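Trainee: I'd like a close look at a single part of this model, please. Pick one that is worth the time and walk me through it and whatever surrounds it.

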Amino acid sequence: MKSIKSTAKIKCEFSLQNGTPLAGSKVWLDFPERIQLRQSFSNLSCVKATHSLFSLQQVLLYLIAGWMVGCQRLFHFRTIQQDPLLQRFLGGRCPHHSLLYKELTRI
C-alpha cells in the first residue's frame with residue numbers, strides 16, 4: 001500500500017498544461033496535514049482485512065478532502081475520483097464512491 005503523499009512535495013505550476021478542476025484545492029489539502037489529521041486517524045482502532053486496498057485513514061481523508069472541495073453527497077465523489085491532485089495526495093488511487101457507503105456503514 002502506498003502512503004499518503006505530503007502536499008508540500010506536490011509541485012505547483014502556474015500553467016494550464018496539467019491543470020485540474022481542483023487545482024486550487026492544494027491550499028485546502030495543506031490544512032489536514034498541518035493539524036496532523038492523518039496521525040490522529042492512525043490511532044483509530046478499526047481493523048480492516050489485510051487484502052484491502054485502502055486503509056481507514058485514506059478513506060477518511062478522502063471523505064474530508066471531498067467535502068472540502070464541495071462534494072455534498074457521497075454520489076458526488078464520482079466526479080473527483082479521477083482527479084490527479086487528489087490521487088497524488090492519497091498515494092496513487094482514490095476509492096470508488098460505492099466503497100464510501102460500505103466504509104461508513106462499517107464504521
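Mentor: Gladly! The expected span of a helix is 1.5 Å times one less than its number of residues, and helices here are DSSP runs of H or I with at least four residues, while strands are E runs of at least two, numbered from the N terminus. Let's take α3: at 1.5 Å a residue, its 13 residues should span 18 Å, and its end C-alpha atoms are indeed 18 Å apart.

Before going further, a word on the ground rules. This is a predicted model, in which local features need pLDDT of at least 70 and side-chain atom pairs count only at pLDDT 80 or more, while totals for chains, interfaces and linings use all residues. Residues are numbered from 1 along each chain as its sequence is written, and side-chain values use heavy atoms, with hydrogens and water left out.

Now for the surroundings of α3. Buried means under 20% relative accessible area, exposed over 50%, and partly exposed in between, with a 1.4 Å probe and protein chains only. By that yardstick 10 of the 13 residues of α3 are buried, so the helix is largely enclosed by the rest of the structure. The buried set is Leu56, Gln57, Gln58, Val59, Leu60, Leu61, Tyr62, Leu63, Ala65 and Gly66. Their cover includes α1 (26–34), α2, α4 and α5.

Next comes the core. A nonpolar core is a set of buried Ala, Val, Leu, Ile, Met, Phe, Trp, Tyr and Cys residues joined through side-chain atoms within 4.5 Å. The largest one has 22 residues, of which Tyr62, Leu63, Phe77, Ile80, Leu86 and Leu100 touch the most other members. Two or more residues come from each of α2 (37–42), α3 (56–68) and α4 (84–90), and α3 gives the most, with seven.

Ile80 shows how α3 meets its surroundings, if we take contact to mean heavy atoms within 4.5 Å. Leaving aside neighbours within four places in sequence, Ile80 is in contact with Leu22, Tyr62, Gly66, Val69, Cys71 and Leu86.

The aromatic residues tell a related story. Rings of Phe, Tyr and Trp (its six-membered ring) pair if their centres lie within 6.5 Å; planes under 30 degrees apart count as stacked, over 60 as edge-to-face and the rest as tilted. That rule yields two aromatic pairs. In one of them, the rings of Trp67 and Phe77 have centres 6.3 Å apart and planes at 80°, so the pair is edge-to-face. This pair links distant parts of the chain, with Trp67 in helix α3 and Phe77 in the loop between α3 and α4, 10 residues apart. The partners sit in contrasting settings: Trp67 is partly exposed at 43% relative accessibility, whereas Phe77 is buried at 0%. Tyr62 joins Trp67 and Phe77 in one aromatic cluster.

Phe77 also leads us to α5. His97 lies in that helix and is buried at 13% relative accessibility. Beyond its neighbours within four places in sequence, His97 is in contact with Leu74, Phe75, Phe77 and Arg78.

One last detail sits at the edge of our helix: just after α3, Gly70 takes a positive phi of about 110°.
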